[in-house]
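Subject: Handover of a structure for your review

Dear colleague,

Please find below the structure that I am handing over to you. I would be grateful if you would look through it before reading the notes that accompany it.

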Amino acid sequence: MTARVAAPADPRSRADGLGWVTRAVFGDERIALTVGGPPPPGHRAAARYAVVPSVARARFLLPLGAPRATAASLLAYNALRPPKVRAVRAVLGGLARVGALDLAPFPRLTVWLPGGLAADEVLLARRLAGGPAVHAACGVRPPDPNHKPTLQLFDPAGRPLGYAKIGWNGATRALVSTEAAALRELPRVAGTPDHPAAPRLLAEVAVAGQVIALVEPLPSDVRGVPADDPPRLAALLAVARRGRPPAPPRPLAGSAFLARLVAEAERAAAGTPDGARAVAAVAALARRHGDTTVEFGHWHGDWVPWNLGVHADGLVAWDWEHSGPDVPLGFDLAHDAFQRALVLRGEPAATAARAVDAHLDRHGAGLGLDPAARRLVADGYLLEMWLRTWRLADAGAGWNAALHPALLDVVEKRHSG
């Protein structure tokens, strides 16, 4: 196998976000990358990118040579982005549309291939979309073991071809695989009344230690859901039931959900000192709510305003990477309240937990939850969230400082109260 060409300007040697992204997207050792400088001997240029705004502060890798594709990579789905980001992208997209971005003084990243090596064999965008008429754009963010590099794929006319997520470590590979499995199953419930639409899975590939899911583009005119949007209870019920009639309520004791919590807490106890606290918390949950009955079903797993949109008067939901079956109905409602408090308002875990209680008390009856079921949903959800935090840490993502150990403290206090 040909050794990687180690050019002094190769961004893959960097420890920042640009290095992290280029290692994920251009990981094949036969590819050479340069930012400025002469081409490696015997190589040909396969793609060029603008590094915006600079190598040291890179935020975007924008494809060059196809102005409409470059513009689309900045303007597509801009309505879903925060106002400040939207404004910057709008300015850059306008410049790109008239070809001015190719002339702007941004650093140029060039992708080089040795003679005789087919681009379709080693370039990820080509492998995913097929053929030479594909252009990829990539956002750049600081390295994070819980984040996934993503590619937007466009044709030369600027039409979106797909959106690819790259799972590159244990944690992110599991998330990408979970989302791919969910998107495979969702088309069969696409016609269910009130069920949100979801992008189709176009491809899932595993290569060189990565798992990559290519998802169809969202509708071009999709609009974001306001951060203060009231909960859409009919959609939550449709997600939970997946076209089936309501399931009869069953007690927590003996449920597959409780059995999973027990097994995961025991695994956590074998790997981290705080896992013993999780084992005790699961036992306390069973003692406190074992006889409480609740309907079990699926959940989206990350039901928050920034993963939802509106198109043609219907709801669209994306980022299904935490979805799964056999959870108490109401978990998505609890998650919505918890994440709005934790992420949007910057509140600590204890305050976010109280927001869950308040949200369930206000809206839980609309899901058929009586007071006892609402308490079970809140307590079970908070324990599920700590176990999710542990799963990600155990898979290499590191601990979420906002949730560990604070969320375990919250769970323990609730069971002792």
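The notes below begin with the protein as a whole and then turn to its strands and to two individual residues.

Please bear in mind throughout that this is a predicted model.

Overall form

The protein contains 13 helices and 16 strands. Its radius of gyration is 23 Å, close to the 22 Å that the globule rule gives for 417 residues, so the protein is as compact as a globular protein of that length. Measured out along the principal axes, the box filled by the C-alpha atoms is roughly 70 × 50 × 35 Å.

Of the 417 residues, 52% are buried. Among contacts with a separation of 6 or more, 69% are made by residues 24 or more positions apart. The accessible surface amounts to about 17900 Å², and carbon and sulfur atoms supply 57% of that area. As to charge, the protein carries 47 positive and 38 negative charges, and the mean positions of the two sets lie 5 Å apart.

The sheet of strands 10, 14 and 15

One open sheet is built from 3 strands in the order 10-14-15, with antiparallel pairing. Strand 10 (223-224) and strand 15 (314-317) are at the edges and have a single partner strand each, so one side of each is left without a neighbour in the sheet.

Strand 14, residues 308-311, pairs with strand 10 over 2 bridges in the antiparallel sense. Within this pairing, Arg223 is opposite Val310 of strand 14, while Gly224 is opposite Gly309 of strand 14. Towards strand 15, strand 14 is joined by 4 bridges, and these two strands also run antiparallel. His311 faces Gly314 of strand 15 across this pairing. Strands 14 and 15 form a hairpin with 2 residues between them, and Ala312 in the turn has a positive phi of about 50°.

Strands 6, 7 and 9

Strand 6 (residues 150-154) and strand 7 (residues 160-167) run antiparallel and are joined by 5 bridges. Thr150 stands opposite Lys165 of strand 7. The hairpin made by strand 6 and strand 7 has 5 residues between the strands, and Gly158 there adopts a positive phi near 90°.

Strand 7 also pairs with strand 9 (residues 210-215), in the antiparallel sense and over 5 bridges. In that pairing, the bridge partner of Gly167 is Val211 in strand 9.

Two individual residues

Asp319 is found in the loop between strand 15 and strand 16 (324-328). Its relative accessibility is 22%, so Asp319 counts as partly exposed. Leaving aside residues up to four places away in sequence, Asp319 touches Lys165, Glu179, His300, Asp302 and Asn307. Lys165, one of these contacts, is the residue opposite Thr150 in the pairing described above. The C-alpha atoms of Asp319 and Ala180 are separated by 9.9 Å, although the two residues are 139 apart along the chain.

Ala256 belongs to helix 8, which covers residues 256-271. With a relative accessible area of 47%, Ala256 is partly exposed. Ala256 and Val327 are 71 residues apart along the chain, and their C-alpha atoms are separated by 8.4 Å.

Yours sincerely

Notes: Residues are numbered from 1 along each chain as its sequence is written. This is a predicted model: local features need pLDDT of at least 70, side-chain atom pairs count only at pLDDT 80 or more; totals for chains, interfaces and linings use all residues. Side-chain values use heavy atoms; hydrogens and water are left out. The radius of gyration is taken over C-alpha atoms; the globule rule is 2.2 Å times the number of residues to the power 0.38. Buried means under 20% relative accessible area, exposed over 50%, partly exposed in between (1.4 Å probe, protein chains only). Contact means heavy atoms within 4.5 Å. Accessible areas come from the Shrake-Rupley method with a 1.4 Å probe; for residues, only the protein chains shown count as cover. Lys and Arg count as positive and Asp and Glu as negative; His and the chain ends are not counted. The place of a charge is taken as NZ of Lys, CZ of Arg, CG of Asp or CD of Glu. Two strands pair if DSSP finds at least two bridges between them.
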